[in-house]
Amino acid sequence: MTTKNESTMDESSNANIIIPLESITTVLSFLPCNEMLRCCNVCKRWKEAISNIQAIHLDLRQADNSDQRLKAATASFSNLRYIEILIRNDREVDPCLLRNFLSRHAKIRYFRMCGDYIDSDVALKPLEDASDVVHLEFEYTRFCYMDSLVQLLQDKAHLKVLRLRNVQFIANHGYPDLHLSDVRFFCSFSCPGSGDCQILSRCIGKLNKVEELILDGCAIRYFDAESMFSGMANLRSLEICNPTEETMVAIARYCPCLQRLKISDCSEISLAGVIRVLRSCPVSDLTLKNGIRRNRWYDCKRELYQASETLANVVVVGAVVGY
């Protein structure tokens, strides 16, 4: 039977148990970002634990106090490696605040930004110095100039995943002296033109470690296929739009490890071009959308399987009938 003194000693010893800081950090890392920020006010130890968190999902799309949230995140986190930001242009998030937030995390390895934010040229400037990054993803992000994206991709020797989905640039270059803050009132944005695509293709071609590349929304037919794919011997997954026969030749020649291929808008290529890639690369997952030139969809799929020993899954959508 436990005596009163023994019970008191047990309670006293339990009260003196100190939970390791790493354990507190692990538990708090499962909270939403806004809850993490609130936890900073609990005590100094929790604040220190929050500062050691390495991954956050920062949603700035609906918060009316986006700037205040960014300031709090800048003050609270100092060791982030994985950052995901959801943002909307009509929230008018101060790009300088976003830049200051990112500048604290030079060792970032994963970065994703989704939203039609037009001040990316200023806000994402610190990513130019993020030499350890292995994953970069931009979806519906708007840059004023192609040079801003090119500079961001420089010296990324460790980059393995690059996803550019519907990235847009200024379509109207009639205002060369226009201040960035006035862009939204005078200029429209569109997918990169042929000149910008040539610049971007040479830049991407230097990323020799890339294993996954997504260029969704960019007409790949404007890219310099030789310059872009000649250094991509490690490429395993590729998503592109509107390629040409020259594009397919370059993929077959320079991408011996390619396992997954998805093509949207196949109107400029033939079935023979796709088969050329299948015979040169160990593709196991193939998706062709809109415009593959073949008389019958069934025959198309059958020939694709016959051309490859590694092909396990084929999806053909919107084949041209009676070509």
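Confidence in this predicted model varies between the elements of the protein chain: helix H9 (residues 183-186) has the lowest mean pLDDT, 47, and helix H12 (residues 245-254) the highest, 96. Across the protein chain the average pLDDT is 83, and 83% of the residues score at least 70. Over residues 172-186 pLDDT stays under 50, and for this stretch the model has 21 contacts beyond four places in sequence.

The protein chain has 14 helices and 13 strands. Buried residues make up 45% of its 323 residues. Of the contacts between residues at least 6 apart in sequence, 66% join residues at least 24 apart.

The largest nonpolar core holds 91 residues. The members that touch the most others are Phe77, Phe101, Phe111, Phe138, Phe229, Leu258 and Leu304. For Leu304, the contacts outside its neighbours within four places in sequence are Leu271, Val274, Ile275, Leu278, Leu286, Leu288, Leu311, Val314 and Val316. As a general tendency, nonpolar side chains in soluble globular proteins are buried together.

Helix packing can be followed at two places. In helix H4 (residues 44-51), the buried residues are Ala49, Ile50 and Ser51. These buried residues pack against helix H2 (21-28), helix H3 (33-39) and helix H5 (66-76).

The second place is the pair formed by helix H8 (residues 146-153) and helix H10 (residues 194-204), whose axes come within 10 Å and cross at roughly 5°. H8 is therefore roughly parallel to H10, since angles under 35 degrees count as such. From H8, the contact is made by Met146, Leu149, Val150 and Leu153, and from H10 by Asp196, Ile199, Leu200 and Cys203. Seven of the residues in this contact are nonpolar, none is polar and one is charged.

Positive phi values in residues other than glycine occur at Asn166 and at Asn242. The table sets out their phi values and relative accessible areas.

| Residue | Phi | Relative accessible area |
|---|---|---|
| Asn166 | near 55° | 22% |
| Asn242 | near 60° | 5% |

Asn166 is found in the loop between strand E6 (161-165) and strand E7 (168-170). Asn242 is found in the loop between strand E10 (237-241) and H12, the helix with the highest mean pLDDT among the elements of the chain. Asn166 is partly exposed, whereas Asn242 is buried. The assignments follow from the cut-off for burial, which is under 20% relative accessible area.

Definitions and conventions:
Residues numbered from 1 in each chain as written. Predicted model: local features only at pLDDT ≥ 70, side-chain atom pairs only at ≥ 80, totals over all residues. Heavy atoms only, no water. Core = buried A, V, L, I, M, F, W, Y, C linked by side-chain atoms within 4.5 Å. Buried < 20%, exposed > 50% of the residue type's maximum accessible area, 1.4 Å probe, protein only. Contact = heavy atoms within 4.5 Å. Axes fitted to C-alpha atoms, helices over the stretch in contact; angles between N-to-C directions. Helix = DSSP H or I, 4+ residues; strand = E, 2+ residues; numbered from the N terminus. Parallel < 35°, antiparallel > 145°, perpendicular 65-115°, else oblique. Nonpolar A, V, L, I, M, F, W, Y, C, P; charged D, E, K, R; others polar. pLDDT = per-residue confidence, 0-100.
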